[in-house]
Amino acid sequence: MTTQPADADLKARHRAMWASGDYPSMVETFLLPLGPRLVEACGIGPGQRVLDVAAGTGNASIPAAERGAEVVASDLTPELFDAGRARAAAAGVELEWVQADAENLPFEDGSFDVVMSSIGAMFAPNHRRVADELVRVCRPGGTIGLLSWTPEGMIGALFRLMGPFAPPPPPGAQPPPLWGSETHLDELFGDRVAWRAHEREMLEITAFHEARDYGEHFKQRYGPTIATHANARKEGREAEFEEALDRFCDEWNRGGDGPARFEKEYLLSVGTRR
Ligand SMILES: C[S@@+](CC[C@H](N)C(=O)[O-])C[C@H]1O[C@@H](n2cnc3c(N)ncnc32)[C@H](O)[C@@H]1O
């Protein structure tokens, strides 16, 4: 598959977006449970060859390597790899870090026993191309595992809130949280994957005392929110965006009168590549 100049330009902008802010600190603050959960659901064990797509700082790759798998952590944004390498060193594991676009993976057909992605592949704009690539690089009989925010959950709602303030999406791009819909996965993968499980689960977040601290955290550290905030500022709608984000945090806070507590729904899907 060749990369067109317009696509290369789009991916360079996406890379810069994910390198902005401080995604590694978000993982450490509240996202750490997701990687081991996906690895456990995929049943990863010693000697398996595993590809983590859109691996970021290795939230799923590192626990897979800790189970004795041979792991390739791939991501569009190599700026995240240093934090991942430091985490891997602290965990005493070695893995391979490869810059790769999920829509155009630089790996041979059928070269992995497990192909997985934790809240990662969902962020590439062309869902069909990503699904085709995940299937292509997984061996027949191998496992495909996906952990994705759902459209109905808190991050699905955040993307709906940010949409009207964000830069226009590229033509044909589909919203990331669609990957958290069982129907959408069926449409993307068809009969190429026999799903063994689709589980809807919650990530509980108690790291913030005040509900609105959560919104501040996103404005300072999360690439998509930083890009949306900058676009709102450019359009003279910064205050409107900030108020909407504050209201969103209040609305989703389940902590009552105590410290803030949020629940973020994700879909965990594991299947066999036919
Ligand atoms: C929310 S982070 C998830 C990272 C990691 N899997 C985790 O669980 O913490 C989304 C990741 O998707 C990556 N990403 C976005 N678009 C991509 C693409 N087209 N190809 C590969 N990775 C991409 C970003 O660089 C970022 O690391």
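Throughout these legends, buried means under 20% relative accessible area, exposed means over 50%, and partly exposed lies in between (1.4 Å probe, protein chains only). Welcome to a predicted model, in which local features need pLDDT of at least 70 and side-chain atom pairs count only at pLDDT 80 or more, while totals for chains, interfaces and linings use all residues. Residues are numbered from 1 along each chain as its sequence is written, and side-chain values use heavy atoms, with hydrogens and water left out.

**Figure 1. The whole chain, with its 11 helices and 7 strands.** Helices (H or I, at least four residues) and strands (E, at least two) are DSSP runs, numbered from the N terminus. The C-alpha trace spans about 50 × 45 × 35 Å along its principal axes. For 274 residues, a compact globule would have a radius of gyration near 19 Å, and the chain agrees with its 18 Å; the radius is taken over C-alpha atoms, and the globule rule is 2.2 Å times the number of residues to the power 0.38. Buried residues account for 53% of the 274. If you count contacts (heavy atoms within 4.5 Å) between residues at least 6 apart in sequence, 78% of them join residues at least 24 apart. The chain exposes about 11,700 Å², with carbon and sulfur atoms supplying 50% of that area; the areas come from the Shrake-Rupley method with a 1.4 Å probe, and for residues only the protein chains shown count as cover.

**Figure 2. Arg-13 and Asp-9 pair up in a salt bridge.** A salt bridge here is a side-chain nitrogen of Lys or Arg within 4 Å of a carboxyl oxygen of Asp or Glu, and the chain has 28 of them by this rule. In this pair, the N to O distance is 3.5 Å. What brings the two side chains to matching positions along the helix? Arg-13 and Asp-9 are 4 residues apart in helix 1 (residues 5-19), which means a separation of about one helical turn. As a reminder, an α-helix has 3.6 residues a turn, so residues three or four places apart point the same way. Asp-9 is partly exposed, at 45% relative accessible area.

**Figure 3. Arg-37 and Glu-40 form a salt bridge in helix 3.** Their closest N and O atoms are 2.8 Å apart. Both residues belong to helix 3 (residues 34-42) and sit 3 residues apart, about one turn of the helix. Arg-37 is partly exposed at 24% relative accessible area, and Glu-40 is partly exposed at 45%.

**Figure 4. Glu-133 meets Arg-136 in a salt bridge.** The N to O distance in this pair is 2.8 Å. In helix 6 (residues 127-137) the two are 3 residues apart, or about one helical turn. Is each partner buried or partly exposed? Glu-133 is buried at 5% relative accessibility, whereas Arg-136 is partly exposed at 23%.

**Figure 5. Five charged residues share a network of salt bridges.** The members are Asp-7, Lys-11, Asp-101, Glu-103 and Arg-129. In general, side chains of opposite charge can pair when their charged atoms come close.

**Figure 6. Helix 11 has a buried side and an exposed one.** Its 15 residues (238-252) should span 21 Å at 1.5 Å a residue, and the end C-alpha atoms are indeed 21 Å apart; the expected span is 1.5 Å times one less than the number of residues. Phe-241, Ala-244, Leu-245, Phe-248, Cys-249 and Trp-252 are buried. They cover an arc of only 140 degrees around the axis, which puts them on the same side of helix 11; the arc is that of the directions from the helix axis to the C-beta atoms. Arg-247 and Glu-251 are exposed on the other side. What do the buried residues of helix 11 pack against? Their partners are helix 7 (154-162), helix 9 (211-221), helix 10 (223-234) and strand 7 (262-273).

**Figure 7. Gly-180 is buried in a loop.** This loop runs between helix 7 and helix 8 (182-189). Gly-180 has a relative accessible area of 0%. The C-alpha atoms of Gly-180 and Leu-147 are separated by 7.7 Å, although the two are 33 residues apart along the chain. Leaving out residues up to four places away in sequence, Gly-180 touches Ser-148, Trp-149, Thr-150, Pro-151, Arg-200 and Leu-267.

**Figure 8. Ala-54 and Ile-119 have positive phi values.** Phi of Ala-54 is near 60 degrees. Ala-54 lies in the loop between strand 1 (49-53) and helix 4 (61-66), and is partly exposed at 22% relative accessible area. Ile-119, which is not a glycine either, has a phi of about 35 degrees. Its loop connects strand 4 (112-118) and helix 6, and Ile-119 is buried at 10% relative accessible area.
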